Amino acid sequence: MSPRPGPPPPVPPAAPAANRSGAGRAPRSTVQRATVVVRGRTASPRPARWQPPAAALITLVAWWTALVALEPLFSPGPWRGRTLALVAVIMLTPALVRAVRPARDLLAVAAAFLAGGAALALLLNDLGALGDWLRDPSARLHVIGEVLISSVPPVDVGTVLGGGVFVAAALLSLACVLMSDGGADVVGATALVPGIALLAPTLILGRAPRAHLVLMMGLCALLLVVVSAPRGAQGAGPRLRAAGAALGGGASRLATAALALVLAVGVLGQALPVPVLPWSQPGGASVPEVRLTLNQDLVRGSSAPVLQYSGLEAGTSVRLTLAVIADLGGDTWTPLDDARQNAAVHEPQPEAGAGVLTPGGALRAAGGGGADIERSLPAVEVRVTGMRSHWLPVLQSALTIDDGQGVDLDDWSWVSGTSTALSGSSEVTTGARYRVRGWSAVADAQGHPQTPVGIPAPTPDAGALDPYLELPAAMPDVISNTAQAVVDAAGAGSDPAARAAALAAWFHGNGFVYDEQVPGSFDGAAGSASPVQVVASFLDERAGYCVHYSAAFTLMARSLGLPTRIAVGYASTSTAASKGDWVTIGGSQLHAWPEVWIDGVGWLAFEPTPGGIGGQVGAVQAPTTPAAPPTATSSAPAEPTAPAGDQETGAQLSSTAPTAPPSAPALPADRTGGGAAPDLRIPALVLLILLLAALPGLTRALQRSRRRAAVRRGPWPGEVAWRELVATAVDLDLLRRGTRLRARTSEALAEHLADELGAAAGAVGPGTGSDDPDGGGPGTGAAALAALTRLAGDVVAERYGTAPADSGRRRRIEGDLDLVTAVMSATASPGRRLLARIVPKSMVGGRFTEA
């Protein structure tokens with residue numbers, strides 16, 4: 001009779017009765033080797049003794065590849081060999097146990113934990129850190145975090161970091177052992193654990209993984225699949241085909257594992273209390289972003305040092321500029337980068353064209369005595385300690401750059417019309433040192449330079465400042481209307497410096513707060529608002545960080561006729577006791593600020609940002625009664641006065657400009673800074689670990705529930721119940737790779753399970769049937785054996801016959817399944833039952849069936 005469509009295809013019939021002996025079992029000498037199938041593929045009845053050690057060695061190669069991949073983060077040293085030795089102890093110990101005692105999985109795992117714990121203790125004791133880790137591991141983790149915060153890559157792995165590396169390696173290698181015990185080697189998933197290291201340089205430094213390391217890791221995963229292929233496939237060709245079948249059959253689990261890995265990396269990036277260093281900025285290690293897409297750079301900066309300077313007195317406000325932005329049109333605001341090859345940085349900037357707006361142009365306009373003027377300027381020494389960039393950090397008004405050490409200054413040129421230096425072929429990196437002559441022109445509260453300007457700026461030719469007055473074509477009226485109302489309310493008159501100072505002061509009150517969590521970017525990403533719309537929203541919400549404040553100030557100032565640009569660089573105030581002392585700048589001091597052209601002064605930096613590094617170094621302080629647009633009535637909220645055109649048309653300004661109270665309002669609790677928000681990263685990490693640990697068990701529970709539902713309502717209740725029965729047997733280790741069956745039939749598999757349950761049946765005596773589905777009371781064992789036989793018959797009936805799917809039969813099948821699984825669970829040890837719930841083998845090592 002041909003099988004019905006839908007269920008699995010027919011299998012060869014059982015062996016003839018003539019070949020059986022005793023109770024119907026085949027003699028031991030004629031027992032066929034079992035064909036245990038993993039999702040339709042044949043697996044070995046018992047792994048060869050060389051297979052577990054070979055898989056462990058391949059995993060060790062993957063670990064070595066991972067350690068090499070971490071070189072951009074951690075300097076090579078003895079720690080790498082010791083870490084590999086620790087992993088070797090943890091991986092090879094259970095592999096050797098499995099080679100000697102294949103059926104002792106729990107013994108192998110226990111040996112891994114014992115050997116790994118002993119090796120880890122020896123390594124920590126050698127570092128002198130064993131006692132500290134035993135007494136207070138959380139304190140050690142905190143110390144490791146502090147070391148990372150104050151370091152730049154590649155970090156030397158000493159006593160403190162060494163202990164953390166050893167502990168992490170031990171935990172991850174134990175994870176490999178558990179995955180291998182669960183059968184993850186069959187699909188190469190064990191190699192995913194050390195493979196995480198390939199992502200570290202990308203996630204932290206922005207560097208792509210090295211191709212040969214990716215190739216090596218992939219090769220390790222492939223070899224792991226080949227080595228773990230069924231032993232029955234002899235020869236290279238059959239073994240490769242068997243490995244392909246194993247990998248293909250486990251593709252769904254492999255995809256699930258990869259998805260879980262991606263999700264884990266994404267969540268861990270937010271949950272782990274890992275310090276965010278300046279070398280974690282987008283674009284590469286220590287590469288500061290100079291476009292106005294500073295969201296991640298400015299929000300996620302840290303105190304790790306990036307450079308140092310000397311030569312300035314204490315209290316001097318310093319701006320070390322990387323780039324300036326003039327073009328505010330379009331969806332992305334990018335810096336000026338027209339670097340002329342004939343504009344060498346050891347010479348003052350050329351005067352031609354926009355060069356009149358630079359210190360070099362001012363020097364040439366001053367006439368004779370240029371050399372004396374140049375020598376009178378402050379000479380600031382700069383040395384790079386933790387960054388790399390094509391842009392050279394220089395004084396805000398730099399005249400010359402020379403005396404380069406560790407950097408070839410011939411590769412750098414002045415960007416036309418600016419004091420910024422750019423190289424198209426070289427980067428300034430850690431260890432570079434050079435001297436800059438110039439000054440930093442930073443405005444005080446009245447809009448005057450805090451320190452004398454080195455060279456007074458001449459009045460530029462008509463048209464030279466036009467690029468710094470251009471406004472976006474679709475700029476909302478709220479920006480210009482608010483700007484005019486602010487300067488009118490401040491009584492700034494027509495003096496450019498006073499008008500710019502009034503704008504800066506307005507941002508230091510009137511409900512504006514410094515908030516790094518505010519959305520809105522200037523990178524033109526798909527679906528994001530345009531920069532001018534972001535500014536308009538910022539003026540309404542009055543919360544943001546330096547990107548928002550500098551962009552809003554620049555647009556508002558230009559609408560008032562003030563030539564303005566945005567500068568990106570590092571902001572600092574000198575704390576040197578003497579000019580020869582070095583002052584350190586950290587990654588968190590990366591900043592954006594506006595600069596306004598003032599005749600006789602040149603480019604003058606203003607500080608509208610009320611918090612962050614801007615609030616620390618800015619000269620403008622929040623007024624007692626913040627300057628705000630005038631109020632319509634004494635009791636109504638303040639709003640800017642409408643321009644004449646709006647008054648003539650009767651337009652209400654409140655529809656186009658944000659309102660502001662006459663004094664700073666009470667701020668919401670999450671913006672006042674009155675209390676620190678609770679740090680939820682540790683609880684989130686613990687929750688994540690628990691969820692990942694529970695993922696196999698939860699998936700198995702969902703599968704069990706769906707199968708039970710299919711037994712009650714599906715077209716093949718017997719087939720589905722049998723699959724659930726076999727999966728439970730695998731979870732409880734009643735079916736394993738060493739299982740021998742007499743034939744590839746459900747009856748043969750039922751006979752094997754009956755043998756496994758025979759002791760329980762004999763212990764409770766003969767039963768009366770399946771009336772006790774909970775598996776308790778007299779006769780349960782015998783009833784379970786009878787139920788097992790009926791379930792095997794149900795499978796045959798559905799595959800080769802026309803078994804009815806009526807409700808009575810469904811209830812009987814469900815009761816039989818409940819009884820047999822309950823007795824199987826009672827037969828297993830408590831430890832095995834716990835592992836079956838947490839790490840079910842049927843989910844991590846393949847689902848075994850008899851055909």
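Buried here means under 20% relative accessible area, with exposed over 50% and partly exposed in between, using a 1.4 Å probe and protein chains only. The structure is a predicted model, in which local features need pLDDT of at least 70 and side-chain atom pairs count only at pLDDT 80 or more, while totals for chains, interfaces and linings use all residues. Residues are numbered from 1 along each chain as its sequence is written, and side-chain values use heavy atoms, with hydrogens and water left out.

**Exercise 1. The environment of Thr190**

Task: Determine whether Thr190 is buried or exposed, and state which residues Thr190 touches beyond four places in sequence.

Solution: Begin with the location, which is the loop between helix 6 (159–181) and helix 7 (192–195); helices are DSSP runs of H or I with at least four residues, strands are runs of E with at least two, and both are numbered from the N terminus. Next, take the relative accessibility of Thr190, which is 0%, so the residue counts as buried. Finally, list the contacts, where contact means heavy atoms within 4.5 Å: leaving out residues up to four places away in sequence, Thr190 touches Thr59, Cys176, Met179, Ser180, Ala184, Asp185 and Leu224.

**Exercise 2. The chain as a whole**

Task: Describe the protein chain by its secondary structure, its share of buried residues, its contacts and its accessible surface.

Solution: The secondary structure comes to 28 helices and 19 strands. Of the 851 residues in the protein chain, 50% are buried. If one takes the contacts between residues at least 6 apart in sequence, 76% of them join residues at least 24 apart. The accessible surface, obtained by the Shrake-Rupley method with a 1.4 Å probe and, for residues, with only the protein chains shown counting as cover, comes to about 36,100 Å², and 59% of this belongs to carbon and sulfur atoms.

**Exercise 3. Three helix pairs**

Task: Classify the pairs formed by helix 2 and helix 3, helix 17 and helix 18, and helix 23 and helix 26 by the angle between their axes.

Solution: The axes are lines fitted to C-alpha atoms, for helices over the stretch in contact, and the angles run from 0 to 180 degrees between N-to-C directions. Angles under 35 degrees count as roughly parallel, over 145 as roughly antiparallel, 65 to 115 as roughly perpendicular and the rest as oblique.

- The axes of helix 2 (residues 78–100) and helix 3 (residues 105–127) come within 8 Å and cross at roughly 160 degrees, which makes helix 2 roughly antiparallel to helix 3. The residues of this contact divide into 15 nonpolar, 2 polar and 4 charged, where Ala, Val, Leu, Ile, Met, Phe, Trp, Tyr, Cys and Pro count as nonpolar, Asp, Glu, Lys and Arg as charged, and the others, Gly among them, as polar.
- For helix 17 (residues 531–541) and helix 18 (residues 546–559), the axes come within 10 Å and cross at roughly 100 degrees, so helix 17 is roughly perpendicular to helix 18. The contact residues of helix 17 and helix 18 divide into 10 nonpolar, 1 polar and no charged.
- Helix 23 (717–731) and helix 26 (residues 807–827) have axes that come within 10 Å and cross at roughly 5 degrees, and the two helices are therefore roughly parallel to each other. Their contact residues divide into 8 nonpolar, 3 polar and 3 charged.

**Exercise 4. Two residues with positive phi**

Task: For Arg542 and Asp733, give the phi angle, and then find where each residue lies.

Solution: As background, most residues other than glycine have a negative phi. Phi of Arg542 is near 60 degrees; Arg542 is found in the loop between helix 17 and strand 14 (543–544), and its relative accessibility of 5% means that Arg542 counts as buried. Asp733, which is not a glycine either, has a positive phi of about 65 degrees; Asp733 lies in the loop between helix 23 and helix 24 (746–764) and, at 10% relative accessibility, counts as buried.

**Exercise 5. Val436 and Ala441**

Task: Place Val436 and Ala441 in the chain, and relate each to a residue distant in sequence.

Solution: Val436 is found in strand 12 (residues 433–439) and counts as buried at 0% relative accessibility. The C-alpha atoms of Val436 and Gly311, 125 residues apart along the chain, are separated by 10.0 Å. Ala441 has its place in the loop between strand 12 and helix 15 (477–490) and is buried, with a relative accessible area of 1%. From C-alpha to C-alpha, Ala441 and Leu395 are 9.3 Å apart in space, with their positions 46 residues apart in sequence. Leu395 is also one of the residues that Val436 touches, whereas the contacts of Ala441, leaving aside its neighbours within four places in sequence, are Gln396, Trp603, Leu604 and Ala605.
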